[in-house]
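Biologist: I would like a close look at a single part of this model, followed by a connected account of its surroundings. Please begin with the structure itself.

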Amino acid sequence: MLKFYTRFEINDVTGSSLTDHDMTQLHYKKITSLQRAVFAKFPSLRVFALSNVATVDNRESLEQHFGGLDGKGLLQIATFLNLVPEEVVAPLDWHRVDEQFLRELLITRHEKRCSQLEALNEMPLYPTEQIIWDENIVPSQYYTGDSCLALPKLNLQFLTLHDYLLRNFNLFRLESTYEIRQDIEDAVSRMLPWQSEDGDVVFGGWARMALPIASFAVVEVAKPHLGEKKPSRVRADVGVTLSVRREIKAEWENLRKHDVCFLITVKPTQPYGTRYNHREPFIPQVGLVSVRGCEVEGMLDANGRVIEDGPEPRPQLPGEQRCYRVWLDSNQYRLDMDDLQEGADDVYESFNILMRRKPKENNFKAVLETIRHLMNTECVVPPWLHDILLGYGDPGAAHYSNMPNQERSLEFNDTFLDYKHLEASFPNYELKCDVPEEKRLPPYRLIFEDVRIHKDSDDEENEEKQETELPKSIVVQPYKYEERGPYPSDKPKQNSIRFTPTQVEAIRAGMQPGLTLVVGPPGTGKTDVAVQIISNIYHNHPNQRTLIVTHSNQALNQLFEKIMALDIDERHLLRLGHGEEALETEKDYSRYGRVNYVLAKRMDLLSQVQRLQEALGVSGDNAYTCETAGYFYLYNVMARWEKFQSQMSVHREESDTEKLRSVFEKEFPFAKFFADAPQPLFKGANYEELMDTASSNFRYISDIFTELEEFRAFELLRTGLDRSKYLLVKEAKIIAMTCTHAALKRKELVNLGFRYDNILMEESAQILEIETFIPLLLQNPLDGLNRLKRWIMIGDHHQLPPVIKNMAFQKYSNMEQSLFTRLVRLGVPTVDLDGQGRARASICSLYKWRYKKLEDLQHIFERDEYKKANAGFAHDYQLINVEDFKGVGESEPNPYFYQNLGEAEYIVAVYMYMRLLGYPAEKISILTTYNGQKHLIRDVINARCGNNPLIGWPHKITTVDKYQGQQNDYILISLVRTKAVGHLRDVRRLVVAMSRARLGLYVFGRVSLFKNCLELQQTFKLLTQRPLKLSLVPEDSYPTDRFASASVDNKDIKTIENMSEMAQFVYERYMAKMEELKGTLPSEEELQAMRNQLPQEDDDVVPEETSEEPPEKRQAKEAPVSKQKTTEAFKPTPILNEINVDESEMDQREQVEKEATEEQTQESTPTEET
């Protein structure tokens, strides 16, 4: 590492970065100056002086030539090159001039440096067994923080972009290696490899993510490209037997092109029946020998051809034998073949396990390739961003107020609801408006008079003078939208949110060129601000294209659903990646979905052209294609419109309104076409208004032909692929994708000629540093410059950072620092949103201490839902202490898989209590801090009430980390741990946990443990001020009329001592509810009469809808209570009461939980899988 940085590619004087070519030139310069010195002073080294550089610039050659020189000769050369002083006197008397030092000095200075880039290009991207289990390279789970590691760090500053990319490359590679290690250990240990009597391998278990290999053969090793040593391509066939459950078989058959798998060799030494011990070292137990990565090209069909991904359904293959064609890493293959020559074993002869990984976590190779590709090309970052990204210079240099091209006039479109809203939004500005008050209606154009008018002036003093005298005032100019036609559907959609002054400042900053950082605490409307910025840029700069990048598909979908509600033309929206299936809309915004939309829209528009042609009485087939429609517009439509305009100009002075209107109605050429519009067409009171109506109607027609002209390319391009590429590169104005998709597809996007002017990043504090940087470079530079004009980052660095699983990389290498957080720490100006409109003021107080300023918006005090209390509960938030259940608190069936049965049962009992009171299930979410507890709560719900139509499943059961960015009315949280605080010690996780609830928050945990934790004190001080035993108001029903501010009588409050009491209480409530329902059920005679009235069998059978929900959840939804009335006599659904459970059943249950961890991946709910 030291050697690398002593010869780093940077100019030691100016600090500017040098390319590989510059470094080579410098090296030649040093060698030639040495040769000159030797030629002049040492005739004995004439051979060295006259040799060409390539033969003498390696260490061996230099040692050979200079080995014969004595100390005096070496000193002469060193002084001639100004490497050491001629006389060692003060203040240089510390200088060494001994022979050993001088010889090493000359050799080190003049030997050829190993090019970092070449080494990087020859490096295999897949980790092998040597790296994966090397503790020095990939430290194991627990890092104490008191030792120094040989790992790169992500600091606040970097030397050059090359240094920045290199550190990120190395860290990203090591972090993914650590995750791969966990996956391999999990899958191989589940397969239980044992040694059979004849020395072969037998597998005693099975794993969802791995299969034994039936056959393996390398089928192609292509010749190297010119100037390279590695083969250009290595392909192999891997045969496996899919004798597994149907859904797992489908997962294996759905392996996509470019998915990464791992080929593993195990030679176990353990005999049959040996159990795997998680606490012992992994490799000796399973006898792992080698690991190699490969990339899937596709599955082979019966004829041995690769089945391509396409719109056609895949062929169904018979039997269970499947063969995959895979690409191996050429660099790795070359290294292995070199080792084979030296007598090592052939690793490609012995693979016996094929392992796949979850698609979401398996994109490391594509990201590494992207970073490597970036390092091989010249990275052009916009000049206004370059220094800030590296952490130098003025942190505020890219703020819009310091940008030379700051815009003076901005159209704020539908941002402001009225003039009062506008006045409130700019408290520090004086507003000037020439229009009378009653006509000051939105939209507004604002001219900021404190922004200088750009003039090329040489007189700098004059400029400075001018700068100080600029008034802080805004000229407001109301303007009107051009009407788009006579139909009600033509009116533009409007924003209805009354933005706060800080939100307006964020919107203004986002519309201006430069870098905008918006810090948005929970519930402050980050998404609404983002959507308004996108809409305003779209209307202010119709020719610019905006790229939206988010961390998760879910955030992208939330953003998209809000964009669709604004006045943005559908044809300009595009959503890339695999998450668009989850958009809650019938419309498809993916590439092919948009192509289909354009083609359908084209047919629709052409049918309107046909209607127009008939209305005008023009013969011919003008509505056949976009091209013929264009000619029709030019020769028939425009001609009639121009004629109409010249005819009407004669009547400009006419004062008789009725006469004017009749002239307009008679002469308007398209009246017949608009016969289906609201009549009368012309309602104006004077010539201008009537002419405006005519123009808006003509604009409607004109827009049809403008769109058809845009769609003309789709007629000329024949294939779906070409059309989708055209859509991406030319047609779409707002393109959305996740940061992962940007990293995976960068090369493809750049090659297509993708262009964009603005980037907006949501959730940017959750995105890895490198994944934030890559979207800046998804386009080729134009004339050596990056065309990026705006970069808007919206996030909250007080909430959870990017997920880094390895503690050493997370803490020591600082890999969890997002670029957003780094810029905030560097002092880049931010806009801090300060008005939250999500949670009750009392719940907000649990986390608002973490922010500089966080106030409650007015509606928090005015709306009914916030004024009313939570039905059935004495408090709107409460911390409930949960003691050990049967002597057990937290348990750990697998490493780091924490569970707490007492808390799980308590939380489910409270959920059932809420449902019995009448709370809707979709308004309740259950969160926990550990995955193990999430699975346990799902099991408990399944056993207690999942199938019960009266109670059913809550909206979500998930972890706090997964729920960031979402909210619900009522949140129940399980803190799980009872021995140590665990990862809730991170205040950012606490902030997320406390800020998910709108109306009610109930936290279950071991109070004595958490209240003493220093980091959590602020929140737990408030939580422990209320009773630590659950306080219920059983007489309430949902919704309640009781006010939150009203106190409850002690006699109405029922205090629950522990979980067992709560379970008993809910059981009794449930039985009482059943009795109550029993009274409302019909008698046996009434039932018989109803049965006789039922329709007979031959009625139409309604087809069953397919759904992705778990069957229990679906049954619960589909079987309402009323159905029971029409079938057999009533039987109450028994709820097993925890008090009656005996010890043996508890042990049995714990065993079931252990086995459930096997199926972790399968049990996630459909909403989470999206």
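Which residues are exposed on the other side of α23, away from its buried residues?

Modeller: The model is a predicted one. On that side of helix α23, the exposed residues are E658 and K666. The helix runs over residues 657-667, and its buried residues are L660, V663 and F664. These three lie on the same side of α23, because the arc they cover around the axis is only 95°. The general geometry of helices accounts for such a pattern: an α-helix has 3.6 residues a turn, so residues three or four places apart point the same way. The cover over the buried residues of α23 includes two other helices, α22 (626-649) and α24 (687-716).

Helix α2 can be described in the same terms. Its 22 residues, 20-41, should span 32 Å at 1.5 Å a residue, and the end C-alpha atoms are indeed 32 Å apart, so the expected and modelled spans agree. Buried in α2 are M23, H27, I31, L34, Q35, A37 and V38. Around the axis they take up an arc of only 160°, which means that they sit on the same side of α2. The face turned away from this buried side carries H21, K29, R36 and A40, which are exposed. Among the elements covering the buried residues of α2 are α3 (46-50), α4 (53-56), α5 (59-66), α6 (71-80) and α7 (99-110).

From the helices one may turn to the sheets. One open sheet has seven strands in the order β15-β16-β14-β17-β18-β13-β19, and its pairing is parallel. At the edges stand β15 (573-575) and β19 (830-832); each has a single partner strand, so one side of each is left without a neighbour in the sheet. Neighbouring strands of this sheet are turned against each other by 15° on average, direction ignored. Within the sheet, β14 (residues 546-550) and β16 (residues 734-738) run parallel and are joined by five bridges. One of the residues involved is V549, whose bridge partner in β16 is M737. Helix α19 (residues 526-540) packs on this sheet, where it touches β14, β16, β17 (758-761) and β18 (790-795). The direction of α19 makes about 165° with that of β18.

A further open sheet has five strands, ordered β22-β28-β27-β25-β26, again with parallel pairing. Its edge strands are β22 (877-881) and β26 (956-959), each of which pairs on one side only. Here neighbouring strands are turned by 20° against each other on average, direction ignored. Six bridges connect β27 (residues 968-974) and β28 (residues 997-1005) in the parallel sense, and N968 stands opposite A997 in β28. Helix α33 (residues 901-917) lies across β22, β25 (924-928), β27 and β28, and runs at about 155° to β27.

A residue that touches parts of this region is Q933, which lies in helix α34 (residues 931-944). With a relative accessibility of 0%, Q933 counts as buried. Apart from neighbours within four places in sequence, the contacts of Q933 are Y898, Q899, N900, E903, A904, T928, S974 and V976. The C-alpha atoms of Q933 and I1053 are 30 Å apart, and the two residues are separated by 120 residues along the chain.

Antiparallel pairing is found at strand β3. Strand β3 (residues 210-221) pairs in the antiparallel sense with β8 (residues 353-356) over three bridges, and L211 has L354 as its bridge partner in β8. With β4 (residues 234-241), β3 forms seven bridges, also in the antiparallel sense. In this second pairing, the bridge partner of E220 is R235.

The cysteines complete the account. A disulfide is a covalent bond between the sulfur atoms of two cysteines. A search of the whole structure finds zero disulfides. For C379, the closest cysteine sulfur is that of C739, at 18 Å, which is too far for a bond because a disulfide requires the two sulfur atoms to be within 2.5 Å. C379 is buried at 18% relative accessibility, and C433 is buried at 14%.

Notes: Residues are numbered from 1 along each chain as its sequence is written. This is a predicted model: local features need pLDDT of at least 70, side-chain atom pairs count only at pLDDT 80 or more; totals for chains, interfaces and linings use all residues. Side-chain values use heavy atoms; hydrogens and water are left out. Buried means under 20% relative accessible area, exposed over 50%, partly exposed in between (1.4 Å probe, protein chains only). Helices (H or I, at least four residues) and strands (E, at least two) are DSSP runs, numbered from the N terminus. The expected span of a helix is 1.5 Å times one less than its number of residues. The arc is that of the directions from the helix axis to the C-beta atoms. Contact means heavy atoms within 4.5 Å. Two strands pair if DSSP finds at least two bridges between them. Axes are lines fitted to C-alpha atoms, for helices over the stretch in contact, and angles run from 0 to 180 degrees between N-to-C directions.
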